[in-house]
Amino acid sequence: MIASDPCLKGHPMPTPDIHLYTAATMNGYKPVLFLEEADVPYDLTFIDFAKKEQKAPEFLNLNPNGRIPTIVDRSNGDFAVFESGAILWYLAEKYGQFLPDDPKARSETLQWLMFQMGGIGPMMGQAMYFQRIAAPNGQENPFAIKRYVDETRRLLEVLNTRLDGRAWLAGDQYTIADMATYPWARAYVWAKTSVDGLDNLQAWFDRLDARPMVQKALTIPKAQPAFWGQADESEFLKENAARFSSDVKS
Ligand SMILES: N[C@@H](CCC(=O)N[C@@H](CS)C(=O)NCC(=O)O)C(=O)O
């Protein structure tokens with residue numbers, strides 16, 4: 001729950017513990033998914049990539065990698081946490097939610113969280129980069145596109161197999177592994193990768209799509225319907241490619 005929510009006008013809330021720095025991207029939605037689902041109060045700074053706010057010295061003090069998301073926990077000496085997987089893990093431990101206590105279920109949750117951080121995110125990220133940023137900026141690279149789209153499909157097939165007979169990645173509970181994976185896997189349209197025949201994966205998307213807090217989280221700080229194939233992508237594609245044009249070097 002965003003502490004500065006205009007609906008709460010006239011009902012001021014105490015300063016929340018968690019301050020989130022984020023943008024409307026696959027990684028940026030992950031902590032929002034947790035905070036909304038756990039009903040944790042937080043406030044938020046939108047980081048504008050067009051202004052390179054993620055590279056500002058004050059921001060680099062919080063996240064030396066110069067990327068979003070990042071959180072600061074005011075109740076823990078302004079402790080900063082970067083890397084979206086570490087942020088989800090920190091929040092899960094702090095609030096005792098979405099990370100099972102049972103050692104095997106906990107390990108399975110962390111295995112699938114790492115699978116997203118080390119596989120799905122980087123590979124889908126490159127599939128998106130070469131098709132949605134490099135190509136429209138004049139750097140067409142069919143070899144790279146094939147490599148990353150094939151790898152994306154392979155990883156989505158691994159998820160599909162894992163979800164055979166399971167509602168959630170760690171088994172019977174919705175966890176931080178699902179929260180980390182959903183915004184990436186669900187953006188298969190933006191990665192121009194087919195999910196045809198991946199019925200378990202599509203059923204998992206349906207389960208997540210049906211959660212009200214998931215729907216809400218995907219509008220914070222801003223909705224990006226083109227990621228999910230829910231909007232004409234052409235205008236957004238132009239705007240997005242232009243935002244990163246200076247990064248595309250020959
Ligand atoms: N491994 C990092 C990746 C973070 C990341 O790549 N964030 C992107 C947005 S999804 C970003 O900040 N991009 C801006 C930039 O590259 O300057 C994480 O999971 O937090």
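1. In this predicted model, Lys52 is placed in the loop that runs between strand E2 (42-46) and helix H2, and although Lys52 is not a glycine, its phi is positive, at about 55°. A colleague checking backbone geometry may wish to begin with this residue, Lys52.

2. Two cis peptide bonds deserve a place in the same review of the backbone. One is the bond from Ile68 to Pro69, which is cis with omega near 0°, and Pro69 belongs to the loop between helix H2 (57-62) and strand E3 (70-73). Another joins Ile220 and Pro221, where omega is about 5°, and Pro221 sits in the loop between H8 and H9.

3. As for the ligand, the space that it takes is the largest pocket. The residues around the ligand are Thr25, Asn27, Phe49, Gln54, Lys55, Gly66, Arg67, Ile68, Pro69, Glu83, Ser84 and Met117, and sorted by class this shell has four nonpolar, five polar and three charged residues. Ile68 and Pro69, the two residues of the cis bond with omega near 0°, are thus both listed among the residues around the ligand.

4. Which atoms of Arg67, Ile68 and Ser84 come into polar contact with the ligand? For Arg67, an N or O atom of the side chain is 3.0 Å from an oxygen atom of the ligand, while for Ile68 a backbone N or O atom lies 2.8 Å from a ligand nitrogen atom. In the case of Ser84, a side-chain N or O atom is 2.6 Å from an oxygen atom of the ligand. Taken alone, the ligand exposes 510 Å², and the protein buries 81% of that area.

5. Turning to the aromatic rings, the count comes to 15 aromatic pairs under the rule applied here. One of them is formed by Tyr29 and Trp228, whose ring centres are 6.0 Å apart and whose planes make an angle of 45°, a geometry that counts as tilted. Because Tyr29 lies in helix H1 (residues 26-37) and Trp228 in the loop between helix H8 (212-217) and helix H9 (233-243), the pair ties together parts that are 199 residues apart in sequence. The loop between H8 and H9 also holds Pro221, the proline of the cis bond with omega of about 5°.

Conventions: Residues numbered from 1 in each chain as written. Predicted model: local features only at pLDDT ≥ 70, side-chain atom pairs only at ≥ 80, totals over all residues. Heavy atoms only, no water. Near = heavy atom within 4 Å. Polar contact = N/O pair within 3.5 Å; in protein donor to acceptor, adjacent residues only side chain to side chain. Areas by Shrake-Rupley, 256 points an atom, 1.4 Å probe, with all protein chains shown as cover. 1 Å grid on protein atoms, 1.4 Å probe; cavity = no way out; pocket = protein on both sides within 12 Å on 5 of 7 lines; lining within 4 Å. Sits in = over half its atoms within 2 Å of the grid points. Nonpolar A, V, L, I, M, F, W, Y, C, P; charged D, E, K, R; others polar. Phe/Tyr/Trp six-rings, centres within 6.5 Å; stacked < 30°, edge-to-face > 60°. Helix = DSSP H or I, 4+ residues; strand = E, 2+ residues; numbered from the N terminus.
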